[in-house]
Amino acid sequence: MQFISSSQHKGVILFVCSLAKEGGLTLELSIAQFWSSGIASHEPTCVDFEIAFHGICIDQKVIALDGSESPLRIVARSLLASERLVPVATLNKIKMPYRPVESNLRSLPTSRDRLPSGKQIIALTLTYKFKLEDSAEIKPHVPLLNNRIYDNKFESQFYRISDSNKCVYSSGDVYPSYVKLSKGEYTLQLYIREPEAFYVGPPSREKLPKIAPPGSVLVGSITYGAVSSFSKKDDQNQHAPASYSISFIIPPSKVDDDQEKGVSVGKKSISERLDEEVRDTKIKFLFSLKQESDDDKSAWLELVASLKSEYPKYTPLLTKILECVLQKTTGDDKIGHQKEAMALLALSPPLCSRSRLSRNLAVAVAAAPAKLVLPGVHAAR
């Protein structure tokens, strides 16, 4: 319903609104007092209303332009009366597909998540990562799940959006909503419950044409039957006389860490690869050291200072140092423990805010490798 105008004159309220309707169906109009109208709801009310039908019918309900075709022709008709044709088109959203970077499929406890029929409830957690170059309003969209409740194959769904500090900005279920986010990197986790296993059928990455980059559209046909004959051999060569069009938009490729940094592993020299192996071995050795005595702790601190001077801008080193500090027993001196962590990371006092410490804590969480390929989430921005 779209409100057009509302006015009041001598106790009479004039209310005008418009509703989008579809032709060929029956319209039922119900008028009643609002539930919060109080004493007035028990007394009669005089209502005068007028209904006027008008509008323009077009032959294209959905308009999709891929940039390679000629301008689309649209036929407009007015069946009831003369109408003024004022076409206005606005493109104010960006639809971006994403693939999950991590997936976790597990069976829930049998004590509470098993149906009387014996079917076990399983849970799927999908993790998506996206980056905003500027502040924007976004809304996650899962075409297979959103806006479907009773006709949905899945039991339930839930999502949440958080940043690198684990601060949650938005959450929702079958009806996602817009949320305004600032510039930065964000994580979307989608949680799905289902009493049975399910399968997905888009073509695998290996079967896609090598000449088709992400964003290309594969078009073809699909049939739902075959012509029967008296010979089984002939049946295998028969095709259905009726076919329907089908298209598939190639999603973006999975981006690994090296590609994000703009560095290709295959282009690195032997000396560079050797230096990286030595660096990673030193960090691994640092993480394995015990700090049981004062001498062990002193030697560990010396190694930390040496590695920080050798690799000052290597974030995984700071992450490992923070993990080592967090594994120690804090006792009751939590303030001293936090000061020690800040000193090891060489943070000055103005930077030692809660958000900065939370960001370092978030970096220490390792992501599990993806094991399942499922449909992407569309983020409208």
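**Charged and aromatic side-chain contacts in the predicted model**

Lys 320 lies over the face of Phe 287, at a distance of 4.6 Å from the ring centre. A second placement of this kind involves Arg 279, which sits over the face of Tyr 314 at 3.9 Å from the centre of the ring. These and the following values were computed from a predicted model.

The protein chain contains seven helices and 15 strands, and buried residues account for 20% of its 381 residues. Of the contacts in the chain between residues at least 6 apart in sequence, 61% join residues that are at least 24 apart. The accessible surface of the protein chain amounts to about 29800 Å², with carbon and sulfur atoms contributing 55% of that area.

Three aromatic pairs were found in a search of the whole structure. One of them is formed by Phe 130 and Tyr 186, whose rings are stacked, with 5.8 Å from centre to centre and 20° between the planes. Because Phe 130 belongs to strand β7 (residues 122–132) and Tyr 186 to strand β12, this pair ties together parts of the chain that are 56 residues apart in sequence. Phe 130 counts as buried, at 9% relative accessibility, and Tyr 186 is likewise buried, with a relative accessible area of 5%. Tyr 186 also takes part in an edge-to-face pair with Tyr 169, in which the centres are 5.7 Å apart and the planes form an angle of 85°. Here the partner of Tyr 186 in strand β12 comes from strand β10 (residues 168–172), so the pair ties together parts that are 17 residues apart in sequence. Tyr 169 is partly exposed, with a relative accessible area of 38%, whereas Tyr 186 is buried. Together with Tyr 98, the residues Phe 130, Tyr 169 and Tyr 186 form one aromatic cluster.

Turning to the charged side chains, the count of salt bridges comes to five. Among them is the one between Arg 193 and Glu 155, in which nitrogen and oxygen are 2.7 Å apart. Arg 193 is located in strand β12 (residues 184–194), while Glu 155 is found in the loop between β8 (136–141) and β9 (156–163), so this salt bridge ties together parts that are 38 residues apart in sequence. The two partners are not equally accessible, since Arg 193 counts as buried at 14% relative accessibility and Glu 155 as partly exposed at 42%. Strand β12 therefore contributes Arg 193 to a salt bridge and Tyr 186 to an aromatic pair.

A further salt bridge is formed by Asp 113 with Arg 112, the closest N and O atoms lying 3.5 Å apart. Asp 113, at 4% relative accessibility, counts as buried, whereas Arg 112, at 67%, counts as exposed. Arg 279, described above for its position over Tyr 314, also meets Asp 280 in a salt bridge with an N to O distance of 3.2 Å. In this pair Arg 279 is buried, with a relative accessible area of 14%, and Asp 280 counts as partly exposed at 34% relative accessibility. Through salt bridges that share partners, Arg 112, Asp 113, Glu 155 and Arg 193 are joined into one network.

Definitions and conventions. Residues are numbered from 1 along each chain as its sequence is written. This is a predicted model: local features need pLDDT of at least 70, side-chain atom pairs count only at pLDDT 80 or more; totals for chains, interfaces and linings use all residues. Side-chain values use heavy atoms; hydrogens and water are left out. A salt bridge is a side-chain nitrogen of Lys or Arg within 4 Å of a carboxyl oxygen of Asp or Glu. Buried means under 20% relative accessible area, exposed over 50%, partly exposed in between (1.4 Å probe, protein chains only). Helices (H or I, at least four residues) and strands (E, at least two) are DSSP runs, numbered from the N terminus. Contact means heavy atoms within 4.5 Å. Accessible areas come from the Shrake-Rupley method with a 1.4 Å probe; for residues, only the protein chains shown count as cover. Rings of Phe, Tyr and Trp (its six-membered ring) pair if their centres lie within 6.5 Å; planes under 30 degrees apart count as stacked, over 60 as edge-to-face and the rest as tilted. A charge sits over a ring if NZ of Lys or CZ of Arg is within 6 Å of the ring centre and within 35 degrees of the ring normal.
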